[in-house]
Amino acid sequence: MARAGSNELGRAARGGAVTLVGSLCSAIFGFAFSILLAQKIGAHGAGVVLQAVGTFVIIMALVKLGLDTTSIWMLPPMVRNEPEQVRMALVGILVPAAAVPLVVSCAWFAWRIVGGYGAHGPVADAITVMAVFLPFASVMTVALAATRAFGGVVPFNAIGNVLVPGLRPVLLLVVVALGGGTIAATTSYSLPVLVGMVCALVTLLAGVHRVTRSQPHAGWVPDRPLMRRIMAYSLPRTLMSGLEQTVIWIDVVLVGVILGSTQAGIYGSASRFVSAGVVVLTALRIVVAPRFSALLAAERRTEVEELYAVTARWILLFGAPIYLLLAVFAPTVLSWLGKDFHDGASSLVILSLGSIVVLAAGNIQSLLLMSGRSGLGAFNKMIVVAFNVTSNFVLIPLIGIEGAAISWAGAMVLDTSLAAYQVRRATGIALAPQEVGMTVMWVAVCVAGPSLLIAEVFGQGTVQMIAAALVSGLVLLGYCTMDRTRLRMDELIRMGRG
């Protein structure tokens, strides 16, 4: 393969190192919060909080209007080619990101006052707490995304992946020690976004100053053409973002509605472990999305194709082992939450295996968005949500939380398949099935084989899981050394040295 994209891979590797560390920290803090939540307030209390979190995340994905992705798509080329527009673009992005969620929060409080349907009860009370922080969370998310256009991913990771997630388990321990229940636990999840918003805005303004100090007369008020440009991209992305989060969280909410908060707590806690395997995908997505935008704008398709293909192999190579370990040792992982959660083991296996398909496609969703096809992305999500909701209503009453897991896994496979087809039609870029199949096969041999053997001989347990991880890691390292040329391991080695 030509080395035209080596510089881009180098940039992705350096940024990926920082983001991978940040994503690992976020995952660790997320696990800590989930485990403490389950242990301290039980399956029923965890179910109430997780239903509120799911509702909050879905609403927040809608009210931020897709402006986080818009900033990643718009700002990188603007910083280089139109610096006089940067201030106006940021105002045009941040003001709606604050105003729309504020209106939605006020509408929820008014609904509570008039006693509307669903406005009272434990879950509604938890949602009310989160509604206070909805504008702060929206501004924080959009501002952090915008910082990625001003030279690096360190602020994004320090604030979004370390500071905010790290505060959550600490606050949870404090409020539970003081005798708090579900409302206090919900507050411990929500309050850190206020701190994160302040830090994100300070960092963003510093970046804007560096870029625009040579443009002292540049204005702050966006004109109509610029606002139309922002909204033309963001509005389709609004629907897509909301539908994305609906796919991720609607199963938890529907389990609570159909089976009750206790089952929602079991399923929701099990499904949160699935985020572990997305660490590598998220880390590289954060880095390559702005590069996709800049390279596509410059019509450097060969470099885009190489950047996508190689990072897709890395994602699968280092993300799939996590899912395989979770699948093999699902009973062990759920035992960390408490004795009430063992019924979620089958669901965790289904979710883990389904997620490997998502990893196999690499950053296909980012490539679709950065090619300017946010409308196609929104269309895909509409189909996927319809499939997910329908299958949940059919399968949950029949087979319980396993039905929710099957619905989620099927929705993820459908979403990935649609995006892959559309990217190929739009850009001509596609992953070779043989390349993907070979990587999946070797990862399964290196990880699933030793893990299944250890579990069969020595049984379930944390020690056995650690041993399986170590043995599998050594075997996988041997394979990476053997196939280092195809996997472009030299780029990863340089990343580690850097």
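**View 1. Packing around helix α18 in the predicted model**. The buried residues of α18 pack against four helices: α12 (301-328), α14 (345-360), α19 (462-482) and α20 (484-487). On α18 itself, the buried positions are Val 436, Thr 439, Val 443, Cys 446, Val 447, Ala 448, Pro 450, Ser 451, Ile 454 and Ala 455.

**View 2. Course of helix α18 and the residue that follows its end**. Helix α18 covers residues 433-458, 26 residues in total. From its first C-alpha to its last it reaches 36 Å, close to the 38 Å expected at 1.5 Å a residue. A bend of about 30° is found at Ala 444. Just after α18, Gly 459 has a positive phi of about 85°.

**View 3. Contacts of Leu 317**. With neighbours within four places in sequence left aside, Leu 317 is in contact with Thr 439 and Val 443, both of which are listed among the buried residues of α18. The other contacts of Leu 317 in this set are Leu 476, Tyr 479, Cys 480, Leu 487 and Met 489.

**View 4. The largest nonpolar core and another core apart from it**. The largest nonpolar core has 122 residues. Leu 37, Leu 75, Leu 90, Phe 150, Leu 204, Tyr 267 and Leu 317 touch the most other members. Helix α1 (residues 6-63) supplies the largest share of this core, 17 residues. Apart from this core lies another, of 17 residues, among them Ile 72, Ala 361, Leu 367 and Met 370.

**View 5. The whole protein: helices, burial and surface**. The secondary structure comes to 21 helices and 0 strands. Of the 498 residues, 56% count as buried. Among contacts between residues at least 6 apart in sequence, 84% join residues at least 24 apart. The exposed area is about 20,100 Å², and carbon and sulfur atoms supply 70% of it.

**View 6. Confidence along the chain**. The average pLDDT of the protein is 81, and 86% of the residues score at least 70. Among the elements, helix α5 (residues 134-147) has the highest mean pLDDT, 91, and helix α21 (residues 489-497) the lowest, 60. Over residues 1-5 the pLDDT is below 50. Beyond near neighbours in sequence, this stretch has 12 contacts in the model. Where pLDDT is low, predicted coordinates should not be read in detail.

Terms used
Residues numbered from 1 in each chain as written. Predicted model: local features only at pLDDT ≥ 70, side-chain atom pairs only at ≥ 80, totals over all residues. Heavy atoms only, no water. pLDDT = per-residue confidence, 0-100. Helix = DSSP H or I, 4+ residues; strand = E, 2+ residues; numbered from the N terminus. Contact = heavy atoms within 4.5 Å. Expected span 1.5 Å × (residues − 1). Bend = angle between axes of the 7 residues up to and from the residue. Buried < 20%, exposed > 50% of the residue type's maximum accessible area, 1.4 Å probe, protein only. Areas by Shrake-Rupley, 256 points an atom, 1.4 Å probe, with all protein chains shown as cover. Core = buried A, V, L, I, M, F, W, Y, C linked by side-chain atoms within 4.5 Å.
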